[in-house]
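Opened a fresh page for this one. Jotting down what I looked up, in order.

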Amino acid sequence: MNIAFYPYWAAKTLLSLINVVYIMVITTFIYGQTGSVLYAALFPFIQMSARIVAGITAPLLVNRFAFSKLIISIPLAKTLMITGIAIVFTDLTAHIPLLLVGIAILSFLDGWESPLINTLTPRLVQGEDLVKANSFLSFSTQTVTIIGYAMTGFIVMHCGASQTFWAATSLSWAVLLLMITISSLTRDIEEKVEKNTSRWDVLRGGWLILWKNRSLRLITFMDLVEGLAGSIWIGAITLAFVKEALGQGEGWWGLINSSYSAGTILGGILAIALAARIQKHLISSMAIGSLLFSLLTIAYGLNSLPWLALVLCVLMGPAYQIRDVAQQTALQSHVPIESLSKVYAAHGIILSAAMSISTVVFGLIADHMGVRLVYLIGGALFIVSSLCSFRLNRVKESND
């Protein structure tokens, strides 16, 4: 692997940890200060809205400035913004709207940064190492996310929100140093900057690539369907299932989350071990992983035994990780590197919109029609995704 992959691996892992700490600190801080669920709910809404707007405008940025400058300047702006919030954090107690403005700016910058960061994997790793690289990244980011959610609440309780936020700020400076290192190691890898291209052509470039390529169109549709289904695992719905379907309390809710997390880590290890086979059978891995995940989700939705729910959650981890790694690699393999950031920007908008819509819809279904139906619908959507994988295999064979 390219030597620049290792600082990139570290940077992406730290970014996942920072995101978890940031979300938990801000949410608990806003709710603790206001006692308002509405204010606390505004945080993810503002985050998602800002990222969608940023995703729409990201192609203009990529088309205007050199890649090596963007992967330093955007993290620098983010780090300075986080540091500014950390400095005035204790003074924001009486100025929650001002904090929400800061969150909007930070989320906007994150929406610019995310597609750039994601394009680094195929820039730094090619061929057979691409699945292995995606497996390593998935494993490390999932692991720190799980650890972050498990530990941040405890740290906030004992050290306070302000001190915990300073920890995230320190990690942001570490990420900035890693991005500077990556930039210095990848100066020979540049995107072509076309300043004379019309803004409309730039904005629709990523969308046209997704639409015109049959394979990409199917992969994007699969991600859209899975994005719609993915919200069945949000905390409120999971807790409702534990109470209503399993007849257990909050303690079992924690066990369900822990078992799914354990399965995800196990799946990451398995994906690394099977990297060569997944690379050789990319589409089959997507289909099998998606089909297994859908069947396990349906079994989970129909189940009433708490211990079996734990087993099913552990088994979901490997199926999800193999599907996710194969799908990510397939997307990267079908897009020219110089267009990948624009495609990721469009792709991110689709997923963000799908998640926001499905969260509301599944919440309504859980309230009025029962939480079991939510998981049965989610499982059905994953079956649709697996059927698309088999269709993708036929498209590939017809193109060969």
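Buried, for my purposes, means under 20% relative accessible area, with exposed over 50% and partly exposed in between (1.4 Å probe, protein chains only). On that cut-off, 49% of the 400 residues in the protein are buried.

Housekeeping: this is a predicted model, where local features need pLDDT of at least 70 and side-chain atom pairs count only at pLDDT 80 or more, while totals for chains, interfaces and linings use all residues. Residues are numbered from 1 along each chain as its sequence is written, and side-chain values use heavy atoms, with hydrogens and water left out.

Next I pulled the surface: the protein exposes about 17800 Å², and carbon and sulfur atoms supply 68% of that (Shrake-Rupley method, 1.4 Å probe).

Then the fold. I find 15 helices and zero strands (DSSP runs numbered from the N terminus: H or I of at least four residues for helices, E of at least two for strands). Of the contacts with a separation of 6 or more, 86% join residues 24 or more positions apart; contact means heavy atoms within 4.5 Å.

I spot-checked Ile23, which sits in helix 1 (residues 5–34). Leaving out residues up to four places away in sequence, Ile23 touches Phe43, Gln47 and Tyr149. Ile23 and Thr152 are 129 residues apart in sequence, yet 9.8 Å apart C-alpha to C-alpha.

Last, a helix pair. Helix 12 (residues 282–302) packs on helix 13 (residues 306–333) at about 155°, axes 8 Å apart (axes are lines fitted to C-alpha atoms over the stretch in contact; angles run from 0 to 180 degrees between N-to-C directions). The two are therefore roughly antiparallel, the label for angles over 145 degrees (under 35 is roughly parallel, 65 to 115 roughly perpendicular, the rest oblique).
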